[in-house]
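Colleague: I would like to learn how to read a model like this one. Please take me through it feature by feature.

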There are 2 protein chains.
Amino acid sequence: MHADSPQYEVTWLVRRLFRALAQLANTSLQAHGLSAADRAVLEFLYPDAALSVPEIAARYRVSRQHIQVTVNTLVEDGFLESRPNPRHKRSPLFALTRVGHELFNKIRAAESEMLDDWFANIPTHDVECTRRTLRTMYCQNLRRGDPDASD
Amino acid sequence: MHADSPQYEVTWLVRRLFRALAQLANTSLQAHGLSAADRAVLEFLYPDAALSVPEIAARYRVSRQHIQVTVNTLVEDGFLESRPNPRHKRSPLFALTRVGHELFNKIRAAESEMLDDWFANIPTHDVECTRRTLRTMYCQNLRRGDPDASD
DNA sequence: AAATATTGACAACTAAATTGTCAAAAGTAA
DNA sequence: TTACTTTTGACAATTTAGTTGTCAATATTT
């Protein structure tokens with residue numbers, strides 16, 4: 001596997017696992033007619049957050065326009081509903097509807113079966129440590145992330 | 001962050017980190033005119049492996065045709081060279097040229113500076129544990145991966 | 001030798017996301 | 001309140017990273 005440093009190998013594994021994970025997730029997502037972006041949006045709003053389109057885009061770190069389309073579709077399909085935004089009259093907040101909430105629960109239930117498989121041979125302690133490590137990496141990166149991302 | 005289970009959060013973080021990592025890597029990759037797939041191929045061959053196109057595709061778990069194009073380009077650019085394949089007369093093995101080897105070293109050098117940043121606050125022990133965990137997940141998944149992937 | 005499978009090449013297509021542009025509306029400052 | 005600046009939503013074109021389909025040539029298997 002030629003990784004001189006454990007640090008390097010961690011990043012390599014993140015890349016490999018992402019692909020594997022995506023393929024796995026797609027099976028259950030496609031059954032519901034959802035894309036990965038749809039899923040990410042539901043995830044950001046679950047269980048009861050209310051965010052505007054630009055806010056979701058900033059968290060997902062993708063373009064505002066992309067999330068706009070995704071959110072519009074999810075609203076049409078009845079999984080999201082808009083609410084007035086006290087901070088901005090033209091840019092409503094979006095939150096899960098009851099149906100959207102149920103949908104995401106279903107998705108997670110299906111996925112958790114698969115996850116059990118993946119984590120079957122991994123001690124709880126190691127999972128905790130991995131979570132802590134990845135979370136630290138992620139949060140540090142968030143803070144470093146370009147502060148002037150207007151669009 | 002609403003992750004009920006640490007297992008779930010690990011997968012969530014893998015997804016988030018992949019994107020962050022890709023954006024970071026792109027900076028240095030674009031400087032060399034390489035795509036993510038180019039980089040992956042170099043990575044699989046580094047430091048001195050010799051694999052055929054179908055073999056690389058199987059490891060990267062993408063279509064044979066996609067890797068074919070990538071490898072052809074890398075050969076044209078002088079980063080890979082073909083060698084006769086003892087196991088298959090029509091499907092040569094590919095390996096890094098000296099230039100390709102140097103290129104990948106350069107890429108890793110640039111990336112390792114960024115990695116130092118990411119891992120600055122993470123104890124060695126935790127990195128090791130994370131590596132072990134992710135590697136276990138990845139290897140298990142490989143073994144499970146569809147055995148009859150003809151194309 | 002015949003049947004079967006694999007490989008490389010080419011083409012058309014898809015999914016996920018980016019970038020560019022615009023007008024309308026909102027926020028901000030004079 | 002009026003003028004300026006920014007943000008937002010909408011639409012379009014493009015890019016990236018890949019898939020799928022097909023074909024002839026060559027290999028491998030029986």
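Modeller: Start with contact. Two residues are in contact if their C-beta atoms, placed from the backbone, lie within 7 Å. Keep in mind that this is a predicted model.

Colleague: Which residues of H2(B) meet residues in H3(B)?

Modeller: From H2(B) come Ala40(B), Val41(B) and Phe44(B). From H3(B) come Ile56(B), Arg59(B) and Tyr60(B). By class, that contact has five nonpolar, no polar and one charged residues.

Colleague: At what angle do H2 and H3 of chain B pack?

Modeller: The angle is about 105°. The axes of H2 (residues 36–45) and H3 (residues 53–60) of chain B are 11 Å apart. Angles from 65 to 115 degrees count as roughly perpendicular, so H2(B) is roughly perpendicular to H3(B).

Colleague: Next, the backbone. Is the peptide bond from Tyr46(B) to Pro47(B) cis or trans?

Modeller: Look at omega. For Tyr46(B) to Pro47(B) omega is near 0°, and the bond is cis. Pro47(B) sits in the loop between H2 and H3 of chain B. In chain A, the bond from Tyr46(A) to Pro47(A) is cis as well, with omega near 0°. Pro47(A) is in the loop between H2 (36–45) and H3 (53–60) of chain A.

Colleague: And phi? What is phi of Arg61(A)?

Modeller: Phi of Arg61(A) is near 60°, a positive value in a residue other than glycine. Arg61(A) belongs to the loop between H3 and H4 (64–76) of chain A. For Arg61(B), phi is near 60° too. The loop between H3 and H4 (64–76) of chain B holds Arg61(B).

Colleague: Why does Arg61(A) count as partly exposed?

Modeller: Count the neighbours. A residue is buried with 20 or more other C-beta atoms within 10 Å, and exposed with 12 or fewer. Arg61(A) has 15 C-beta neighbours inside 10 Å, so it counts as partly exposed. Arg61(B) has 15 as well and is also partly exposed.

Colleague: Now the DNA. How many residues surround DNA strand C?

Modeller: There are 21 residues around strand C. The closest are Ala37(A), Ser63(A), His66(A), Arg90(A) and Ser91(B). Both protein chains take part: H2 and H4 of chain A, together with H3 and H4 of chain B, each give two or more residues to the surface near strand C.

Colleague: Which element gives the largest share of that surface near DNA strand C?

Modeller: H4(B) does, with three residues. By class, the residues of the surface near strand C divide into six nonpolar, 12 polar and three charged.

Colleague: How are chains A and B related? What turn lays chain B on chain A?

Modeller: Superpose the copies and read the operation. A turn of 180° with a shift of 0.0 Å along the axis lays chain B on chain A, with an RMSD of 0.1 Å. The two copies are thus related as by a two-fold rotation axis.

Colleague: Which residue of chain B comes closest to the rotation axis?

Modeller: Thr130(B), with its C-alpha at 2.4 Å.

Colleague: Last, the interface. How many residues of chain B are in contact with chain A?

Modeller: 40 residues of chain B are in contact with 39 residues of chain A. H1 (6–31), H5 (98–118) and H6 (124–144) of chain B each supply at least two residues of that side. By class, the side of chain B has 20 nonpolar, 10 polar and 10 charged residues.

Colleague: Why can one say that the copies meet through the same surface?

Modeller: Compare the two lists of interface residues. 98% of the interface residues of chain B are also interface residues in chain A, so the copies meet through the same surface.

How values were computed:
Residues numbered from 1 in each chain as written. Chains lettered and ligands numbered in written order. Predicted model: local features only at pLDDT ≥ 70, side-chain atom pairs only at ≥ 80, totals over all residues. Axes fitted to C-alpha atoms, helices over the stretch in contact; angles between N-to-C directions. Helix = DSSP H or I, 4+ residues; strand = E, 2+ residues; numbered from the N terminus. Parallel < 35°, antiparallel > 145°, perpendicular 65-115°, else oblique. Nonpolar A, V, L, I, M, F, W, Y, C, P; charged D, E, K, R; others polar. Near = placed C-beta within 6 Å. Least-squares fit on C-alpha atoms with pLDDT ≥ 70 in both.
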